Amino acid sequence: IYLLHVFSFRMHLHILFDRQKLVDKFGFKIVGEYFRAKDWVPDDPTANTYGDIETDVNVSQIVRKLEFSEDSATAAKFRGLNFYLDFYPEAFPGNIHVVAPGYREKELSDGTTESLKTSVGLYARPIKDMNIEFLYKYGRGTAIYQGANRYGIKNITFHQAKIQFDYKGFQLKGYTTAENAGDSYDMVFGAINMSKLGIGNYVANFIKAYFSELSKYNNNFKDDPNLNDIATSREYALQKAFDSSFYKSGTPEFDSVYSIIKSDANFVTGAKFQDKSSLQHVDATYTHDFKYNINLIVGTSFRNYIPRSFGTIFSDVPDIEGKPKNINTWEVGGFTQFTVDLFKKKLKLVGSMRADKSENFKPQFSPRIAAIATFKDHTFRFTYQQAFRTPTLQNQYISLDLGAITLLGNLTGAKGYDFQSVKDYQKLNDSLNIINTEILRPITINPLKPEQVNSFEFGYRGKFFNKVYVDINAYLNRYFNFIGDLRYYVPTNDSLIPGTEGANFSMLQKGYTKLIQRPVNAKQHVDAWGASVGINYYVWKSLIVSANYTYTDLNTKNLTDPIIPGFNSPNHKINVGLSAQKIWKGLGFAVNFKWVDTYLWESTFGDGQVPSFHTMDMQVTYEFPRWFTLQVGGSNIYNNRHIEAYGSPLVGALVYGSMTFDLDRKGNQSERWINGKK
């Protein structure tokens, strides 16, 4: 059985002085938590092999250049070789096709996960109804993260400071968050650059082995070469180079080179990514209750983003003086909401309006209305709202060359060639050596806009026979300017950009194009809908049988552009459970079975099917009256190893146990200590 090894320690110290007049107005809270685990490591031979790159190398051209080497001995040696090869050109090594074997993720990471969290809170109540709070949080962590690629997050740190003021319905809050990526790195680029060094070694070792072996057949380059001897020498050199050129995991050479690559922030040669981003946020709200059960809430907020990746993630490439390009951006917004209770609070009406402005986009408005009606043991709810989603910082500013594909933000728009048309063009050119530029379809990509949605939601909750509780929810979301990703090709030669006069389209073959992915808005609307049904049945006392079913779907069939939606959600999910609290003295338990339908996972890291899976979780709890609670349990207890995202590890069984001490239990022990009674 594959188990996750976990060590976790958590400590809370929370003291509010509420018995002495002098200190009744102040309190503090200190929290510390440490977590360490040996996580599962993905090992799919296709999805989790990185750096398996290939290239064609003209070795004859390299041999010719070596006679001009700055090393006099090397120059003299290859001057003589080239003199011999000029007489017998069939002995030139020619072109070789080099295929790097790549590295599995288990060779690039040990799966260690570690987390340290601390926080300090200071609280004051100077006068009645007034609360002032200051909170500082610090976190440091190491883990594996999957986003555009697979990342080794190592020693990443977070700082957050917050101050909040509350008085009679008015709240003012401000906080700032800062992060530092520490020693984090991109495992895919780490493997690619390890392989690039290996390919360099491969070429050098091939040249050395080829001429060394060939010299045995032609009397050290004094006799005429034989074609069979040349072929034999070539095959020997290819095998020799493959066996000796690529760094092998577990060796000191691999560890040394990989360490250098992980600390190099230039993705051409390294894998380290830098992130020292921060944000500042401030908001204010005011709540007031009027007569006739009318409630008003008004609020406003401001947020300032300061992305700092120094060109490793975003487009903030430093200038010649090392100062990163300024891509700071702000958002400001405000809202108001009315709530009215009618018919002795059996009908609640809610209406709200929000307006927001982001620095890079036009103002957005989002109204919302809701009605909640209660009749005895039955509650009905209906909601309609218009909402929006501002493109993320990555949607706006990402600039990440992943080798096979480049991810770019989309604030300005772009031009290129349709993905499939270039593939068809290249296939035709490869198979028939025909250049038919009519196959190519130029495309124009518009700048990104905020995504908008009209949402309708209906819900019902009811009780039957005092034992059966039913909860039903259904929704329909219609998206406009739906944000998805579009993959397209651009030529490596700028003169081939669509619309350029006299462009030489014959250059749009393999090796002369670059695959780009940008976020774009769909031209047609996109519908998402779903529903869920949940039932709880109280069999006896606190013994509950529960079941729920969830359906979700996204319709993209009417889209004319090949947008990648990245829905990444199963159509069907089912949960069935049995639970009880204190069914006998302090004994409680819970059992839950989960089934998830197969679904398509789409991301820049890779696309693939996530097979259907099912798991069972169990937990047993016993509460001792005076001091503590014991808890043991497990998730996926029959160890059905499965993935939940393309390229993620196979998740196995997890078994845990915990003991929770509570000094306030049974007789308020700590309170009696504070009062000096014990």
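## Salt bridges, cores and one open sheet

Because Lys216 and Glu213 lie three residues apart in helix 4, about one helical turn separates them. In this predicted model, their side chains meet in a salt bridge with an N to O distance of 3.4 Å. The two partners differ in burial, since Lys216 is exposed at a relative accessible area of 60%, whereas Glu213 counts as buried at 11%.

The structure holds 18 salt bridges, and three of them, including the one just described, are set out below.

| Pair | N to O distance | Relative accessible area |
|---|---|---|
| Lys216 and Glu213 | 3.4 Å | Lys216 60%, Glu213 11% |
| Asp86 and Arg64 | 2.7 Å | Asp86 47%, Arg64 30% |
| Lys173 and Asp283 | 4.0 Å | Lys173 21%, Asp283 13% |

The salt bridge between the side chains of Asp86 and Arg64 links distant parts of the chain, with Asp86 in helix 2 (residues 72–87) and Arg64 in helix 1 (residues 59–66), 22 residues apart. The bridge between Lys173 and Asp283 joins strand 10 (residues 170–180) to strand 12 (residues 278–290), so parts that are 110 residues apart in sequence are tied together. In addition, Asp43, Arg104 and Lys106 are linked in a network of salt bridges.

Helix 4 (residues 187–217) also matters for the nonpolar interior, as 15 residues, the largest share of the largest nonpolar core, come from this helix. That core has 73 residues, and Leu108, Phe206, Ile207, Tyr210, Phe211 and Leu400 touch the most other members. Beyond its neighbours within four places in sequence, Leu108 is in contact with Tyr50, Tyr103, Tyr185, Met187, Ala191, Phe254 and Tyr258. A second, separate core of 16 residues includes Val453, Tyr479, Val520 and Val526.

An open sheet of six strands follows the order 18-19-25-24-20-21, with mixed pairing. Strand 18 (399–401) and strand 21 (442–445) stand at the edges with a single partner strand each, so one side of each has no neighbour in the sheet. On average, and with direction ignored, neighbouring strands of this sheet are turned by 35 degrees against each other. Strand 20 (residues 414–418) pairs with strand 21 in the antiparallel sense over four bridges, and Ala414 has Ile445 in strand 21 as its bridge partner.

Taken as a whole, the protein chain comprises nine helices and 34 strands, and 37% of its 678 residues are buried. Among contacts with a separation of 6 or more, 65% are between residues 24 or more positions apart. The accessible surface comes to about 38,100 Å², of which 57% belongs to carbon and sulfur atoms.

Note on methods. Residues numbered from 1 in each chain as written. Predicted model: local features only at pLDDT ≥ 70, side-chain atom pairs only at ≥ 80, totals over all residues. Heavy atoms only, no water. Core = buried A, V, L, I, M, F, W, Y, C linked by side-chain atoms within 4.5 Å. Buried < 20%, exposed > 50% of the residue type's maximum accessible area, 1.4 Å probe, protein only. Helix = DSSP H or I, 4+ residues; strand = E, 2+ residues; numbered from the N terminus. Contact = heavy atoms within 4.5 Å. Pairing = 2+ DSSP bridges. Axes fitted to C-alpha atoms, helices over the stretch in contact; angles between N-to-C directions. Areas by Shrake-Rupley, 256 points an atom, 1.4 Å probe, with all protein chains shown as cover.
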